[in-house]
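Subject: Structure handover

Hello,

Here is the structure I promised to pass on. Please open it first, then read the notes below it.

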Amino acid sequence: MNTLRLYKREKLCSTTAIDRLFASREEACAFLAYPVRMVWRENDSRGAAAQFLITVPKKKLRHAVDRVTMRRRIREAYRLNRSVAPTLADKPIDIAFIYVASRLEPYSRVEAAMKKLLSKLQNHYTPGDEAVTDSI
């Protein structure tokens, strides 16, 4: 990926793919880097591009302004740091980023967590490295 732009094809919009991502606990894997949790699984039914979604629960952040702010921070951190995991462009992976903190976190903390999550995902797909995946 030469550009830093996020395209529509990178956003996970399919309800069936989202249901499969959260329904199958044995196929999906999860990593946690506070304040973001990442749930992902391979999706063999489509082309080779990683798709993602971001969710900020209303139970954690009550005001819509705060939820939108955190969604933007997570999206920006993913957009700028997805080059950390170059296999994202090669594999059909569905990724969900779930915000788990109960208050607004600064962008620097979200970016550090995103780098950690994407490097864990990269290590999982790097041959020779055995990464430990946490079950959901």
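The notes below go from the overall fold to single residues.

**Overall**

Please keep in mind that this is a predicted model. The protein chain has three helices and four strands. From the N terminus, the order of elements is α-β-β-β-α-β-α. The chain has 136 residues, and 40% of them count as buried. About 7,600 Å² is exposed, with carbon and sulfur atoms supplying 50% of that area. Long-range contacts carry weight in the count: among contacts between residues at least 6 apart in sequence, 80% join residues at least 24 apart.

**Sheet**

The four strands form an open sheet, ordered β1-β2-β4-β3, with mixed pairing. Its edge strands are β1 and β3, each of which pairs on one side only. From one strand to the next, the twist averages 20°. β3 and β4 run parallel and are joined by five bridges. In that pair, Q51 stands opposite D94 of β4. As for the helices, α1 lies across β2, β3 and β4. Its direction is at about 70° to β4.

**Cores**

The largest nonpolar core contains 30 residues. M38, W40, I74, Y78, L88, I95 and F97 have the most contacts inside it. Six elements are listed as giving two or more residues each: β1 (29-33), β2 (36-42), β3 (51-55), α2 (64-81), β4 (93-99) and α3 (107-125). The largest share is that of α3, with seven residues.

What does M38 touch, leaving aside its neighbours within four places in sequence? The list is C29, A30, F31, I95, A96, F97, L117 and L121. Another core lies apart from the largest one. That core has nine residues, including A17, A28, A30 and L53.

**The cis peptide**

One backbone detail to check in your setup: Y34 and P35 are joined by a cis peptide bond. Omega there is about 15°. P35 sits in the loop between β1 and β2.

**N43**

N43 is in the loop between β2 and β3. Is N43 buried or exposed? N43 counts as buried, because its relative accessibility is 2% and the cut-off is under 20%. Its side chain has two polar contacts worth viewing. One is with the side chain of R20, at 3.3 Å. Another is with the side chain of S45, at 2.6 Å. Beyond the neighbours within four places in sequence, N43 is in contact with A17, R20, P92 and D94. D94 is the residue that stands opposite Q51, and A17 belongs to the nine-residue core.

**L4**

L4 lies in the segment before α1 (15-23). Its relative accessible area is 45%, so L4 is partly exposed: the range for that class lies between 20% and 50%. Where does L4 make its contacts, leaving aside neighbours within four places in sequence? With R79, L80 and R82. L4 and L80 are 76 residues apart in sequence, yet their C-alpha atoms are 6.4 Å apart in space.

Best wishes

Methods:
Residues numbered from 1 in each chain as written. Heavy atoms only, no water. Core = buried A, V, L, I, M, F, W, Y, C linked by side-chain atoms within 4.5 Å. Buried < 20%, exposed > 50% of the residue type's maximum accessible area, 1.4 Å probe, protein only. Contact = heavy atoms within 4.5 Å. Pairing = 2+ DSSP bridges. Axes fitted to C-alpha atoms, helices over the stretch in contact; angles between N-to-C directions. Areas by Shrake-Rupley, 256 points an atom, 1.4 Å probe, with all protein chains shown as cover. Polar contact = N/O pair within 3.5 Å; in protein donor to acceptor, adjacent residues only side chain to side chain.
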